[in-house]
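Me: I'd like to go through this one by asking about contacts and pairs. Can you take me through it?

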Amino acid sequence: MTEVWQGFLKALELIITLDPEVMEIAGRSLALAATSCSIAALLCIPLGSFIHFNSFRGKRLIINLTQTLYSVPTVAIGLFVFVFISRASPLGNLGLLFTPAAIVIGQVLLVSPIITGLVISALSGVDRAVIETAVSLGANRFQATALVIREARFAILAALIMGFGRAISEVGLSLMVGGNIRGFTRTITTAISLETSKGEIELAIALGIILIILALAINIILNRLQHREE
Amino acid sequence: MASLEAMELVKEYQGHRLLKGITVTIREGEAFALIGPTGSGKTTLIRLLDLLQLPTSGRIIFNGVDVTHNERARLEARRRMACVQQKPVVFTMDVFNNVAYGLKCRHEQGGHIQRKVDNALELVGMQDYRSRNARTLSGGETQRVAIARALVTEPEILFLDEPTANLDPLSTLKVEQVIASVVREQKTAVVMATHDMAQGQRLASRIGVLLDGQIIQVGSPGEIFFSPGSREVAEFVGIENILPGTVIARDGSLLTVDVSGRSVQAVADYAVGDDVYVLIRPEDITFAPSRDISSARNAFGGTITRLTPVGSLMRIEVDCGFTLLGVVTSSSACDLGLDVGREINASFKATATHIIKRWW
């Protein structure tokens, strides 16, 4: 127990003194997760909107499949990406394996079902009368769709936060395709895993605390935004 | 100014025929009320006319152009119309931006938007609410914002679906004043669906009666309420005395109609032997202790079978060979000493009756 307490104090010291290694790892994790979520948002908000606003054969199946993929294991995505970018694979000559780009690709695949599914749910939650009112006020299809997305903005923002949370907290995928290379692909979660296995518990706890602080900060920002609108 | 014409509109939904061949014309700048009971198809017809839904068959002509299936023409026509729905929704933004939405869709300039929105909010008495989140408004305020949002686009045709349903009397009065001023001053054609017949009578220059997916009669408020064309319309507009009879004599335009063995005199143009209904509004019947007091052609002695208080009025049912329903004020009921079982004289003028053909 003493060891844990000492580890906790040491962790606080690392954070307060802005330890370069801790900050570098935290910054990289944040940047990778934010990049992945931004790319996924650019893909998934239009995709979710397309699925929601159109009727086509197999729509229900696609939604069910998307929801099933919410809980796909990160190592499964890691394996899938590894197969495609390893040296002997079709994309091997791009040299993506064990790079931050490989982690981003994996995280985009990981969070896309979550963001797409939650965007569909968010749009479904908007009163159908909103789109009819917009159309009756002279909106064209694009304007009416944009209004519905705007009406669902908080639920969509929550979807992005969920995706961000999933991306920043995953470990298996980053280990498999990022390689946990110090100063290059090491993230908070892979570092926690490594440092714990080495017995360097202070650094692991410090990174864990930063992970929690990040989650808390994002939630506070989201709540502030919602309250400001209300 | 615009005109709108619906031709043989049919709407089917899940095997049900909601509208059964509606043909109606909305003229430039007129106030047209669609009245009918709940479920008669008023909202469906409004949605078709506002081009929010496609008809199963039939055509909609806007300013001489068939806009039924041409998406571009529908959008252009829709931008010259506006609709306030029965339960209007406001967008999650402030009142100003809610009202400005239609103008932004039309890519109007910021300065114009500002001026037009301010005018529209002033018209509905909501100028002090422009920065309020529209989601925090009461039902009446929401309704007025919805009306401002529709009016700000300066529509040539304004559709109102039950514009005052669920509003308190004060809010209803305010909304009716706005509608009346729009018709009077902006010359906008207004098509209003309402189950409130009195409201239709107050605001409209023409009324269409929609029953079971069909427009049964179109006419002025006077024609609809005092000269209904069928038994169904008569029942809907509150004519409670609908007496089946047969014309037995005619003297010029004065008919004598046999109703359950008693002769009722009426002014109409029917031939001897025609089967008819004699329609009499309850408020056109007067009651007196004896016949001498009344100069009306029709006077029948009878027995009071039922008295029902209705607010400040008393409803009287008198059996005089057939049942007559009338109303008097509660104070008159007291003065006359009305009571169930008491003999009384009911009278009405021949000109107070309306005769329609009975087909079975």
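Reply: Sure. One definition to start with: a salt bridge here is a side-chain nitrogen of Lys or Arg within 4 Å of a carboxyl oxygen of Asp or Glu. And keep in mind that this is a predicted model.

Me: Which residue forms a salt bridge with B:Glu108?
Reply: The partner has to bring a side-chain nitrogen within 4 Å of a carboxyl oxygen. For B:Glu108 the closest N and O atoms are 3.1 Å apart, so the pair passes that cut-off. B:Glu108 itself is partly exposed, at 25% relative accessible area, while its partner is buried at 15%. That partner is B:Lys116.

Me: How many residues apart in sequence are the parts that B:Asp275 and B:Arg358 tie together?
Reply: These two form a salt bridge, with the closest N and O atoms 3.6 Å apart. B:Asp275 lies in strand S14 of chain B, and B:Arg358 in the segment after strand S20 of chain B. B:Asp275 is partly exposed at 33%, whereas B:Arg358 is buried at 18%. The parts they tie together are separated in sequence by 83 residues.

Me: A:Lys198 is in a salt bridge with A:Glu195. Is A:Lys198 buried or exposed?
Reply: The N to O distance in this bridge is 3.5 Å. Both residues sit in helix H10 of chain A, three residues apart, which means about one helical turn separates them. A:Glu195 is buried, with a relative accessible area of 5%. For A:Lys198 the value is 53%, and the cut-off for exposed is over 50%, so A:Lys198 is exposed.

Me: How many salt bridges does the rule find over all chains?
Reply: Some of them join up: B:Glu240, B:Arg306, B:Arg315 and B:Glu317 are linked in a network of salt bridges. Side chains of opposite charge can pair when their charged atoms come close. Over all chains, the count of salt bridges is 25.

Me: What about the interface: which residue of chain A meets B:Arg47 in a salt bridge?
Reply: Across the interface of chain B and chain A, the rule finds two salt bridges. In the one with B:Arg47, the N to O distance is 2.7 Å, so it falls within the 4 Å cut-off. The residue on the other side is A:Glu132.

Me: Which element gives the largest share of the side of chain B that touches chain A?
Reply: There are 12 residue pairs in polar contact between the two chains. The elements of chain B that give two or more residues to this side are helices H2, H3 and H5 and strand S6. The largest share is four residues, and it comes from H3(B).

Me: How many residues of that side of chain B are nonpolar?
Reply: Chain B brings 25 residues to the contact and chain A brings 20 residues. Together the chains bury about 1,800 Å², 52% of it on carbon and sulfur atoms. On the chain B side, five residues are polar and eight are charged, and the nonpolar ones number 12.

Me: Now the rings. What is the angle between the planes of A:Phe80 and A:Phe84?
Reply: These two are four residues apart in helix H4 of chain A, which means about one helical turn lies between them. A:Phe80 is partly exposed at 47%, and A:Phe84 is partly exposed at 37%. Their centres are 5.1 Å apart, and the pair counts as tilted, with an angle between the planes of 50°.

Me: B:Phe300 and B:Phe348 also form an aromatic pair. Which residue is linked with them into a cluster?
Reply: This pair is tilted, at 6.0 Å centre to centre and 35° between the planes. B:Phe300 is in strand S16 of chain B and B:Phe348 in strand S19, 48 residues apart. B:Phe300 is buried at 3%, and B:Phe348 is buried at 1%. Ring pairs link these two into a cluster with B:Phe322.

Me: Last one: is B:Thr188 buried or exposed?
Reply: B:Thr188 lies in the loop between helix H6 and strand S8 of chain B. Beyond its neighbours within four places in sequence, its contacts include B:Gly29, B:Pro155 and B:Val182. Its relative accessible area is 3%, and the cut-off is under 20%, so B:Thr188 is buried.

Note on methods:
Residues are numbered from 1 along each chain as its sequence is written. Chains are lettered from A and ligands numbered from 1 in the order in which they are written. This is a predicted model: local features need pLDDT of at least 70, side-chain atom pairs count only at pLDDT 80 or more; totals for chains, interfaces and linings use all residues. Side-chain values use heavy atoms; hydrogens and water are left out. Contact means heavy atoms within 4.5 Å. Buried area is the accessible area (1.4 Å probe) that two parts lose on being put together, summed over both. A polar contact is a pair of N or O atoms within 3.5 Å; within protein, one must be able to donate a hydrogen and the other to accept it, and residues adjacent in sequence count only if both atoms are side-chain atoms. Ala, Val, Leu, Ile, Met, Phe, Trp, Tyr, Cys and Pro count as nonpolar, Asp, Glu, Lys and Arg as charged, and the others, Gly among them, as polar. Rings of Phe, Tyr and Trp (its six-membered ring) pair if their centres lie within 6.5 Å; planes under 30 degrees apart count as stacked, over 60 as edge-to-face and the rest as tilted. Buried means under 20% relative accessible area, exposed over 50%, partly exposed in between (1.4 Å probe, protein chains only).
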